[in-house]
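Please open the model in the viewer and keep the selection panel at hand. The tour below proceeds from one selection to the next.

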Amino acid sequence: MVDELVSEDNAFRVERSVQSILHNQEANGAIIASPDFAQYHYCWLRDGSFCAYALDLAGEHEASARYHSWVNDAVAGIADDIDGVIAQHERGEAPDRLHMPPARFDLDGSIVVDDWPNFQIDGYGTWLWSLGQHLELAGAAGVPEHLFGSVNRVARYLSAFALSPCYDVWEESGDDVHTSTLACVYGGLVAAHRLLGNIDYQTSAERVRARVFDDAARVGHFVKSSANDDVDGSLLWLSVPFGVVHPADRSFAATVTLIEDRLGLDGGIRRYTADVYFGSGAWPVLTGSLGLHYLALGDPQGARRCKDWISDHIDQSGRLGEQFGGEVRDPKHFHEWIELWGPPAQDLTWSHAMYVVLSIALESFEDSDEGKQSLPAMDSKLTSREEGTS
Ligand code: BGC
């Protein structure tokens with residue numbers, strides 16, 4: 001299937017990345033974040049939902065469907081907890097932040113009992129977005145009956161906690177409201193509106209979008225968080241895939257320039273300026289996101305540079321790590337993290353996912369008649385946002 005979508009020289013690498021994701025999927029549908037890094041022997045909603053999207057683009061709809069069923073079961077397993085925190089919120093009470101629905105689950109779908117900073121709502125938004133893409137790309141008529149309960153529950157959870165401070169997509173700074181988290185929540189709420197036909201979720205999504213623009217209006221570019229006016233590589237998701245802003249929006253263009261200037265490292269993109277995790281190398285996940293932004297602007301050369309940077313980091317055995325260059329950029333912190341957790345992840349399923357997504361998007365862009373068609377399911381969203389851009 002992949003062969004039809006990407007040219008021959010590329011097809012081998014892309015197919016290998018698709019196989020890596022499939023190989024790291026359990027029979028029950030869970031996708032491990034990394035097989036070689038003990039801290040990542042779990043399934044994150046964030047990583048897994050991007051992986052499922054990559055699988056759908058590669059035509060692996062059955063594997064993606066299994067992932068979504070796994071999320072459905074994991075969410076069903078904590079249904080009472082989710083209903084409980086929503087009820088508390090509705091009563092005006094603040095739920096115990098230590099016992100919010102988790103960012104990651106054990107591979108069997110159970111909760112991991114430890115001190116991980118679990119209150120991260122972005123993954124729940126990314127899941128609904130990814131499910132929406134799956135159903136569209138797989139040609140489904142609507143939400144399958146067995147998923148309905150969890151879709152409904154997660155949509156209510158997102159709507160209730162959309163603007164609450166929580167840990168960010170890097171699992172840090174739990175007291176702030178993070179713009180890229182809002183992007184994921186927006187994507188999830190827009191999907192919830194489409195999937196459930198409930199306009200209230202679109203209204204919640206617009207509230208989230210307004211908050212994102214309010215924060216940007218103060219400084220002329222989108223900001224990392226309510227407490228930090230710097231940029232963050234994950235702000236790239238505001239345009240692709242979540243469609244909060246049009247790719248050519250003026251504040252967004254300023255944001256991308258800052259990301260390239262402040263976070264560029266040897267052709268790749270780091271997470272944020274003050275990052276120290278494994279010396280803060282450049283991440284395939286973020287470099288792939290920059291490539292998707294270039295494509296959305298109609299710049300296949302920019303996208304190709306990003307794609308080539310990623311493929312240059314795939315090793316002989318087909319592994320693609322989490323980040324590259326930290327040991328040279330900041331050896332002190334790189335070694336501190338090695339002492340704590342051992343070497344960084346050498347093979348990260350989310351990295352493979354972004355490589356697959358960018359490669360397929362670039363190829364379909366170049367093959368399309370108008371020269372500007374990239375990802376079918378995403379494109380409809382980008383078009384609709386164009387009307388609303390500020
Ligand atoms: C990253 C998260 C990611 C997790 C698993 C963490 O280091 O900050 O974004 O979900 O690893 O890959």
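Select Glu171 and Arg46 in this predicted model. Their side chains meet in a salt bridge, with N and O 3.9 Å apart. Glu171 belongs to the loop between helix H7 (148-161) and helix H8 (179-196), and Arg46 belongs to helix H3 (residues 45-57), so the pair ties together parts that are 125 residues apart in sequence. Both Glu171 and Arg46 are buried.

Next, select Arg262 together with Asp230. These residues form a salt bridge whose closest N and O atoms are 2.7 Å apart. The pair links distant parts of the chain, 32 residues apart: Arg262 is in helix H10 (residues 250-263), while Asp230 is in the loop between helix H9 (199-219) and H10. Are the two partners buried or partly exposed? Arg262 is partly exposed, with a relative accessible area of 38%, whereas Asp230 is buried, with a value of 17%.

Move on to Lys307 and Asp308. A salt bridge joins their side chains at 3.5 Å, N to O. Lys307 is buried at 3% relative accessible area, and Asp308 counts as partly exposed at 32%. Now add Asp122 to the earlier selection of Arg46 and Glu171: salt bridges that share partners join Arg46, Asp122 and Glu171 into one network. How many salt bridges are there by this rule? The count comes to 19 salt bridges.

The ligand is the next stop. Display the residues around the ligand: Tyr40, Trp44, Arg46, Asp47, Val169, Trp170, Glu171, Arg271, Tyr277, Glu322, Leu348 and Trp350. Arg46 and Glu171, the salt-bridged pair from the start of the tour, are thus met again among the residues around the ligand. This shell divides into 7 nonpolar, no polar and 5 charged residues.

Which side chains place an N or O atom at a short listed distance from a ligand oxygen? Begin with Tyr40, where a polar side-chain atom lies 2.5 Å from an oxygen atom of the ligand. Then select Arg46, which has a side-chain N or O atom 2.7 Å from a ligand oxygen atom. Finally select Arg271, where the corresponding separation between a side-chain N or O atom and an oxygen atom of the ligand is 3.1 Å. On its own the ligand has 310 Å² of accessible area, and the protein covers 97% of that area.Turn now to the cysteines. How many disulfides are there by this rule? The count comes to 0 disulfides. Select Cys43, which is in no disulfide: the nearest cysteine sulfur, that of Cys51, is 8.1 Å away. Cys43 is buried, with a relative accessible area of 0%. Select Cys306 next. The closest cysteine sulfur to that of Cys306 is again in Cys51, at 19 Å, too far for a bond. Cys306 counts as buried at 4% relative accessibility.

For the last stop, select Val18 and Val356. Val18 is placed in helix H2 (residues 8-23) and is buried, with a relative accessible area of 2%. How far apart in space are Val18 and Val356? The two residues are 338 residues apart in sequence, and their C-alpha atoms are 6.9 Å apart.

Notes:
Residues numbered from 1 in each chain as written. Predicted model: local features only at pLDDT ≥ 70, side-chain atom pairs only at ≥ 80, totals over all residues. Heavy atoms only, no water. Salt bridge = Lys/Arg side-chain N within 4 Å of Asp/Glu carboxyl O. Helix = DSSP H or I, 4+ residues; strand = E, 2+ residues; numbered from the N terminus. Buried < 20%, exposed > 50% of the residue type's maximum accessible area, 1.4 Å probe, protein only. Disulfide = S-S within 2.5 Å. Near = heavy atom within 4 Å. Polar contact = N/O pair within 3.5 Å; in protein donor to acceptor, adjacent residues only side chain to side chain. Areas by Shrake-Rupley, 256 points an atom, 1.4 Å probe, with all protein chains shown as cover. Nonpolar A, V, L, I, M, F, W, Y, C, P; charged D, E, K, R; others polar.
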